[in-house]
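User: Could you take a close look at the aromatic rings in this model for me? I would like the geometry along with the cut-offs behind each term.

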Amino acid sequence: MTELLRLHDWLSTRPLMTNDIASRSTLLIKEMHKRRLRFNINLYNNLIHHHIKRNKFDDAQKVLDQMAEHREVLKADRSMRQRTLALLLAMHLKSGNETRIQALVDREPSLSSSEFTGEALSQTMADFLRWSKGLQLTNDSVERVKAIFHRIQERTCSPNTPRFTHLLQSQFEDNRPQDAYRLMNHVLDIGYHPNAYTTSSIMSGLLSARLYNEAIHIWDRIKDDPEARPDQVLLNSLLSALCQDPTQFPTARELWSQILANPEIKPDVITFSNMLNGYFRAKDPSSAMMLWAQMRERPYSIKPNAIMYNAVMTGLFHNHLPKEAMAIFDQMANEKGMVLPLDTFQIMIKGLLSVRDSDNLSKVLNKMEQAGVEKDAATYTIITDTLFSQRDAKAAKQVADLMTERNVAKNAVTYSAIIAGLVNVGDFERAQRLFKEMQEAGHKPTIHTFGAMMQGAFKAGDVELAESMAQLASKNTKEGMSAGAYSIMISGYSSLLMMDKADHWFQEFRRAVVPSSSSSLPSPSSSSPLSAPVSADGPKIPWSIFYVQLKACVEHRLWAPADRVLRAMEDLGFESNVPRLTRLIRRVEDIRAAHPDQFPSRPPPVAASSRTVTTASTSIAE
């Protein structure tokens, strides 16, 4: 039985079916039926494909009859059953059996899958072409299939109807954007022309799901279709999504060229704002400023609003051009009828503080006072956060004291930023007092607040407080422990050379990120949820988690914990592409090779034959 299963696995994965493999497959199926062993139904499909390719339709029908006799198809999943139907349709097309074709097309979708003979065609055109590849169908046959699927689609859920649009929207709501994408490609493949409403539904859904490449692919297929009529809002949404990611910006530029070349589309304020953001994110401020000038001239003659000014100033600061940002601020301040909002001043304050331009900062603050714009908690938070990041603790504390003197109400973000800043400059006592004040004022600490407190506790050597903060973060925040919070616990214990505790938190993190990575791990406790979000579908374990542990182990020659970290990396299939981590890994491996006695012994690897027998036995038992 083990040998039969091994042969089955091998035959099921053959990319090409030869006469020899076909005869072996036929014998194998007979032997497996005798022993009542389940097997991959695609073995049948491969045989059917082989016979159809050689125009041996009677042999293909015999395999289909054998499937019906043993009811194997009922045990297959939907894709395998649909592949069988695709091959059946291809066979009837090649043999010219119109009666069978009509009978297959006229099947209605059944609520019950108890009979394969009653199952209807419910595959995409792309699926059919993939499954029938190599069968040498003529162009006329392919066009016939398109017409068949067109009729089936019209009968079941006709495109460009509210029902079809609702189907697309429900797939997005059920977190199945790829299904919606495949469906849309299918209706385009079979010759439908989507209307504007259908186009808007699919494009907005793909963009919300961050499937930018898929959205661009649909756009390329419908952009010249007069019935699609993509409107300005849709184009702006697509352009905005592409400009958010610098790697997608070349595609955004192509779309921008298409917009400019289309006489029916006139770029508006939002269109230009998207492109400006894209240029700044792509580190091309020169092109951004050329576009800024072009926008204000004919034929566009667009007068920038406060949002556009803010976007340009932010982009210039991000590209390390503070003088140019100040010039735009002056231009905005001198614009007739322009009211400078609070966020404009906040952008300038943060940017000028970051480059320590005190002269221009004074000008901005004076202008703020003249305009009668009051500094709120967010403004003070920006100032203290920037000063703390520059290690100017004295000035940052003075600003925090000034908030108290002026009775500026602190919010949760303000408290968190100041606490984190105090921890970073080593004033943990004041951070603790502020943490207590925050709770007394009725503000709920966030995961960032708890993270800062954990970090401060480790710096102070108070591991009990760090543990307490971690437990509170797990229970009292909506998100639970974040990836950053786990990293703080692991690095904190590693810095104190408490490697067992570091490993404990690493295993907690590992269970939360890769819950199926090891069945031997105990189930995660309810007190260690994850956020940010960190899940099996979210970000994996970052390299820094391994680095902080290995670094402490190497520096203090703790080889048993180091070996434990390497084994965890191997279990997770982690491969380093960070030079400093790679150097640490190689150093540990070199030392283990030179001094194996300093490392714990590892269990011998399981032989391949043993694994095969075990797998086969398990399959037979099932």
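Analyst: Happy to help; here is a walk through the aromatic pairs and their surroundings. This is a predicted model, where local features need pLDDT of at least 70, side-chain atom pairs count only at pLDDT 80 or more, and totals for chains, interfaces and linings use all residues. Residues are numbered from 1 along each chain as its sequence is written, and side-chain values use heavy atoms, with hydrogens and water left out.

The structure holds 14 aromatic pairs (rings of Phe, Tyr and Trp, the last by its six-membered ring, with centres within 6.5 Å; planes under 30 degrees apart count as stacked, over 60 as edge-to-face and the rest as tilted). Take Trp-256 and Phe-272: their ring centres are 5.3 Å apart and the planes stand at 75°, so this pair is edge-to-face. Because Trp-256 belongs to helix H14 (residues 249-261) and Phe-272 to helix H15 (residues 269-281), the pair ties together parts 16 residues apart in sequence. Helices here are DSSP runs (H or I, at least four residues), numbered from the N terminus. Both Trp-256 and Phe-272 are buried, meaning under 20% relative accessible area with a 1.4 Å probe, protein chains only. Together with Tyr-300, Trp-256 and Phe-272 form one aromatic cluster.

Now for Tyr-486 and Phe-509: with ring centres 5.0 Å apart and planes at 15°, the pair is stacked. Tyr-486 sits in helix H27 (residues 483-495) and Phe-509 in helix H28 (residues 499-513), so distant parts of the chain, 23 residues apart, are linked. Tyr-486 is buried at a relative accessible area of 0%, and Phe-509 is buried at 1%.

Terms used: Helix = DSSP H or I, 4+ residues; strand = E, 2+ residues; numbered from the N terminus. Buried < 20%, exposed > 50% of the residue type's maximum accessible area, 1.4 Å probe, protein only.
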